[in-house]
Amino acid sequence: MDLALDPLDVARWQFGITTVYHFLFVPLTIGLSTLVACLQTAWHRTGKEHYLRATKFWGKLFLINFAMGLVTGIVQEFQFGMNWSDYSRFVGDVFGAPLAIEALLAFFLESTFLGLWIFGWDKLPRRIHLASIWAAAIGTMLSGYFILAANSWMQHPTGYRINPETGRAELTDFVAVLTQNTAVSAFAHVITAAFLTSAAFLVGISCWHLRKRNEVDVFRPSLRLGLWVAVVAGLGVAITGDFQGKIMYEQQPMKMASAEALWDTEQPAPFSVFAYGDVNKGHNEVAIEVPGALSFLAKSDFDAELPGINDLQRQMEEKYGPGDYRPNIPVTYWGFRLMIGFGMTSFAVGAAGLWLTRKKRALPTNKWVWRIGLWTMAFPLLGNSAGWIFTEMGRQPWVVFGVLKTESAVSPNVTGGEVLTSLIVFTLLYGVLAVVELGLLRRYVKAGPPPVETARPDGPDAPPGSDDADDADRPLAFAY
């Protein structure tokens with residue numbers, strides 16, 4: 001039965017829901033892979049048992065998220081053929097190249113070496129085993145880069161031409177697609193956000209255990225590592241975000257104006273702290289602003305002139321023809337603020353935590369310290385989701401900015417009822433996966449680090465301080 005639904009609207013909802021759900025696991029996978037590699041490196045160099053136990057503990061949680069990210073990511077590619085066939089025909093020659101490399105090179109790299117790491121604990125030489133987790137971590141970053149390069153092409157298409165006979169976009173300069181400043185800045189911002197997310201994950205779970213004084217020798221170093229990474233990554237998120245904002249102003253000024261509810265061109269342009277207005281009339285009724293701050297963020301000049309939404313709308317109508325070229329202003333405005341707010345809250349918690357746990361002082365006794373640390377896990381995840389919603393919604397009504405509108409990208413033969421059915425199925429399936437994910441995390445988090453039966457590094461590359469450095473034939477064994 002065909003429901004009276006617009007296939008475009010339902011298809012957008014489906015892609016948005018599945019994308020946000022999938023991206024809950026991506027930053028955790030990227031960040032945790034590197035942090036687990038760092039912990040194993042610390043054990044490799046020092047031979048201290050608590051680093052080995054921490055590696056095993058956080059490694060299990062990393063693998064759970066990796067598996068969930070893999071399963072949910074497959075659905076994304078199916079949707080291109082299911083609901084967005086006209087988009088796939090138009091951009092397939094360009095969009096397919098980075099995605100193909102991501103699958104053939106980056107994904108195979110990370111999955112192959114991750115398999116070696118999982119099954120090679122007591123079979124591979126220590127240095128090769130350590131190299132496996134580092135190779136997997138590098139693979140996750142490469143995978144992220146190629147995907148972001150494809151998305152950045154949608155934000156700022158380059159290195160292509162439109163074939164006048166087929167009406168399709170054709171790739172002319174693959175290097176330009178991979179190296180354009182949009183892709184580089186997006187990668188830097190996403191990677192720093194991924195480390196902030198994984199750092200908050202370490203902080204939250206460590207706080208849960210430390211509140212009960214469980215395994216202090218394992219979780220205090222884990223907490224400190226998470227806090228340091230949160231501070232450094234938080235600064236990185238702010239710096240890369242500023243750089244990305246300047247690029248966004250140059251390439252998509254409507255998105256920047258919408259993020260600030262800047263309706264009219266102003267010189268200097270203020271940064272909006274809070275605004276409430278009438279979208280249809282195109283003005284703010286209530287506005288709390290910081291004078292000149294937006295001009296500085298966009299052009300590093302407190303006195304720069306920035307175009308407003310109303311003027312940009314007129315310009316785009318002259319260039320592209322009649323239509324509404326404004327994105328959903330409330331979504332972009334609040335999405336931008338939630339992204340910044342949750343990210344900076346995580347940074348602040350990291351800085352405060354470093355002060356409270358400095359110089360091996362006694363652990364805090366106030367229960368609210370541990371509760372706030374536990375809640376910190378959610379802040380970067382919410383910030384990431386808000387950031388992606390802002391990025392994608394702010395590009396509307398374009399699916400490829402300035403080239404292809406979203407309404408022209410949906411599959412022509414798919415009905416609203418069919419898309420709604422798949423949306424319901426995916427939502428129920430993802431609900432089941434969420435229960436599985438949370439159940440597995442709860443089980444292994446409560447279990448804590450595995451006990452080490454024997455920690456005998458093999459071969460001549462044994463860590464300093466090991467009494468068995470010359471025992472090359474005895475394998476490493478421990479309780480998994």
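**View 1. Phe379 and its ring partner in this predicted model.** Phe379 counts as buried, since its relative accessibility is 18% and the cut-off for buried is under 20%. Its partner Phe342 sits on the other side of that cut-off: with a relative accessible area of 23%, Phe342 is partly exposed. The model has 26 aromatic pairs in total. In this one, the ring centres of Phe342 and Phe379 are 6.1 Å apart and the planes meet at 25°, so we call the pair stacked. Phe342 belongs to helix 12 and Phe379 to helix 14, so to speak a link between distant parts of the chain, 37 residues apart.

**View 2. Helix 12 against helix 14.** Pull back from the ring pair and you get the two helices that carry it. The axes of helix 12 (residues 329-356) and helix 14 (residues 378-393) come within 8 Å, crossing at roughly 150°. That angle is over 145°, which means the two run roughly antiparallel. The crossing is left-handed. On the helix 12 side, the contact residues include Val331, Gly335, Leu338, Met339 and Phe342; helix 14 answers with Phe379, Leu382, Gly383, Ala386 and Phe390, among others. Sorted by class, the contact has twelve nonpolar residues, six polar ones and no charged ones.

**View 3. Thr376, in the loop between helix 13 and helix 14.** Helix 13 covers 367-375. Thr376 is buried, at just 2% relative accessible area. Skip the neighbours within four places in sequence, and Thr376 is in contact with Ala200, Ser346 and Val349. Ser346 also turns up in the contact of helix 12 with helix 14.

**View 4. Two cis peptide bonds, each ahead of a proline.** Most peptide bonds are trans. Here, though, Gln267 and Pro268 are joined by a cis bond with omega about -5°. Pro268 is in the loop between helix 9 (253-259) and strand 3 (271-278). Another cis bond joins Gln396 and Pro397, with omega about 15°; Pro397 lies in the loop between helix 14 and strand 5 (398-400).

**View 5. Positive phi at Glu215 and Ala261.** Most residues other than glycine have a negative phi. Glu215 has phi near 45° and sits in the loop between helix 7 (181-211) and helix 8 (216-251). Ala261 has phi near 50°, in the loop between helix 9 and strand 3. As for accessibility, Glu215 is partly exposed at 30%, whereas Ala261 is buried at 6%.

**View 6. A cluster of rings.** Phe15, Phe80, Tyr87 and Phe95 are linked into a cluster by ring pairs.

Methods:
Residues numbered from 1 in each chain as written. Predicted model: local features only at pLDDT ≥ 70, side-chain atom pairs only at ≥ 80, totals over all residues. Heavy atoms only, no water. Axes fitted to C-alpha atoms, helices over the stretch in contact; angles between N-to-C directions. Helix = DSSP H or I, 4+ residues; strand = E, 2+ residues; numbered from the N terminus. Parallel < 35°, antiparallel > 145°, perpendicular 65-115°, else oblique. Left-handed = near helix turned anticlockwise from the far one by under 90°. Contact = heavy atoms within 4.5 Å. Nonpolar A, V, L, I, M, F, W, Y, C, P; charged D, E, K, R; others polar. Phe/Tyr/Trp six-rings, centres within 6.5 Å; stacked < 30°, edge-to-face > 60°. Buried < 20%, exposed > 50% of the residue type's maximum accessible area, 1.4 Å probe, protein only.
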